[in-house]
Structure formats: structure tokens, C-alpha cells
Amino acid sequence: MTICYFTATGNCLYVARRIGGTLLSIPQLKRQDGIEISDDAVGIIAPVYAGEMPMMVRDFLERANIKTDYFFFLYTFGMACGEAFAHVKQLCDEKGLKLSYINAVQMVDNYLPGFEMQKQIDTLPQKDVEGQLTRIIRDIEVRAEAPVKITPAVKAKMAMFRKMLANRILRGDTAKSYIVTDQCIRCGICAKVCPANNITVTESGVAFADRCEVCYACLHNCPKNAIHMREEKSGVRFLNEHISVSDIIEANE
Ligand SMILES: Cc1cc2nc3c(=O)[nH]c(=O)nc-3n(C[C@H](O)[C@H](O)[C@H](O)COP(=O)(O)O)c2cc1C
């Protein structure tokens, strides 16, 4: 089994490790010219962003040549998936890839403008992540099928979410409004955890280009908590308890 994953704060990496198999990082795979993945089972694990998948994951799914008898997609999310399943199904249909199984694991929501992180972290026990994972792991072991149907009503919701959420939230120039405080020690970790190679750290400071994935890996993983955004609900940051900053660097550098 091969799993391709995208992570900013470790939820998807943790789920990928629990599912098992050969783990491949999507930001790293994306730098290759032709992407060929062939295995008895192939899965993608990615966070829900604004009711769909991260831009980089969409691009990867569009471009990758995936050969398998069992293709599955797992999201991690915090509050609501919107029509994120339908987005996967639509992309799979467009490329002639059979989507055998799709599911989602509810975890901590790392969306800083929407949530106070400490409150999110405190609600984690109620989400019973291990219970959710046990069921999903069993489904994948038995190669369960979970079809997704795109009805006209679902299509209308997909378009609405894109217009009202995704087009507003997922913008490549988002990082240009991040604020770097004088707590910054120029350690360069923000650049190393950035999956989009969008950050340059020099003696004079931290510079953001316009390829931001809006994953907030730089904000959540800064050891000095020196990167902020005006709209954040609090200064508290999150990293999945089973994952280290070095893991995020290894995944995204
Ligand atoms: C820009 C952005 C948008 C998000 N949008 C949603 C959303 O629409 N619904 C939701 O439930 N969670 C949303 N989230 C939360 C993430 O999907 C969730 O925290 C995920 O588990 C993070 O995975 P990671 O730790 O592997 O990066 C969003 C997070 C970010 C950064």
C-alpha cells in the first residue's frame, strides 16, 4: 500500500502513519516531473481546506498517474467537510480513476482565523480520534467501498462553497499579510516547514512570496511563536501530539 499525504500540523501525517504502508509526501512528489504511483492500494490523506482539498493536493491528484485496484482518499478536518468528498469524486471521474473509498477523521481544527486553538485542543478527547481510526483502518483492510454521488444539489453547494469560502480563503498572496514580530531569531524553521517553498529567511528578515498554500505550517511550527496574522483568534499554536517539528520539516522541506 502507498499513501501520499499533505500535512501542516501533523494530523494527516499521524493518520498516514496509523494506516501504514509506504508514505510519500505530496509537496516532495509534486517537485517531480512525471508522477507515477502504482501499488495494490493507493491512498491520499489531506486536510479539508475551505470545504475542499488544499490547492497543492488538487494539482497532485490532477497530474499523478495512479495505477491501483483500490484507490482511497481520507480527509482530516476540524468542524465540517462541506462538499469535500464530492470534489475528490469529481476529480477522479475527470481522470478516469475509480474512487473506491472515502472517509474523514475529525481532529483539531488548525484554522487560526476561525478557532481559538486551546479550545480546539481541549475538545480533542470528545472527538475520539482512535475510535474513528479503528473503523477506517478496518474498512481499508477489508477494501471496503464507499461510493460518492454528485447530485445537482451537491454541485450547487460545491460552487457556493468555492465562491464564498475557497476563493476568499485560499489565495497565494495570503502570507504577505502575516506579521513577523521581533521574537524571530531567523532560525529558518518557517522556510523548512513550508510545503510551497514560499518563505526566504535572511539576516534582514523573513520574506513571503505569493505561492502560499494557506496551511499555516509556518505560524504553528515557529519555535518562538513569532509569526502572526491580524485575524487569528488567539496566539496559541497547535501541533499534533504524536508528531514533531522535525517530522513536519522532513515532510515539507
Ligand atoms: C486554510 C484552512 C482552511 C480550513 N478549512 C476547513 C474546513 O473547511 N472545514 C474543516 O472542518 N476544517 C478546516 N480546516 C482545518 C483542517 O482541515 C484540520 O485542522 C486538519 O486536520 C489539519 O491537518 P494537518 O494537521 O495535517 O495540517 C482548515 C484549515 C486551514 C489551514
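Helix H1 is largely enclosed by the rest of the structure, because seven of its nine residues are buried. The model is predicted. The buried residues of H1 are Asn11, Cys12, Leu13, Tyr14, Val15, Ala16 and Ile19. Just after the helix, glycine 20 takes a positive phi of about 95°.

**The ligand shell**

H1 (11-19) also matters for the ligand site: with strand E6 (70-77), it is one of the elements that give two or more residues to the shell around the ligand. That shell holds 27 residues. The closest are Asn11, Cys12, Pro47, Thr76 and Phe77. By class, the shell divides into 16 nonpolar residues, ten polar and one charged. Two domains take part. Domain 1 (2-168) and domain 2 (174-252) each supply at least three residues to the shell.

**Helix H7**

H7 has 13 residues, which should span 18 Å at 1.5 Å a residue; its end C-alpha atoms are 18 Å apart, so the two values agree. Which residues of H7 are buried? They include Val129, Ile136 and Ile140. Seen down the helix axis, the buried residues fall within an arc of 40°, so they line one face of H7. An α-helix has 3.6 residues a turn, so residues three or four places apart point the same way. The other side of H7 carries the exposed residues Glu130, Gly131, Thr134, Arg135, Arg138 and Glu141.

What do the buried residues of H7 pack against? Their partners are H1, E6, strand E7 (101-106) and helix H6 (124-127). H1 and E6 are also the elements named above for the ligand shell. After H7 comes arginine 143, whose phi is positive, near 55°.

The two positive phi values that follow these helices are set out here.

| Residue | Helix it follows | Phi |
|---|---|---|
| Glycine 20 | H1 | about 95° |
| Arginine 143 | H7 | near 55° |

**Threonine 151**

Where does threonine 151 lie? It sits in the loop between helix H7 (129-141) and helix H8 (152-169). Is threonine 151 buried or exposed? Threonine 151 has 9 C-beta neighbours inside 10 Å, so it counts as exposed; the cut-off for exposed is 12 or fewer. Threonine 151 and alanine 86 are 65 residues apart in sequence. In space, their C-alpha atoms are 9.4 Å apart.

Key
Residues numbered from 1 in each chain as written. Predicted model: local features only at pLDDT ≥ 70, side-chain atom pairs only at ≥ 80, totals over all residues. Near = placed C-beta within 6 Å. Helix = DSSP H or I, 4+ residues; strand = E, 2+ residues; numbered from the N terminus. Nonpolar A, V, L, I, M, F, W, Y, C, P; charged D, E, K, R; others polar. Domains from an automatic or database assignment. Buried ≥ 20, exposed ≤ 12 C-beta atoms within 10 Å, placed from the backbone. Expected span 1.5 Å × (residues − 1). Arc of directions from axis to C-beta. Contact = placed C-beta atoms within 7 Å.
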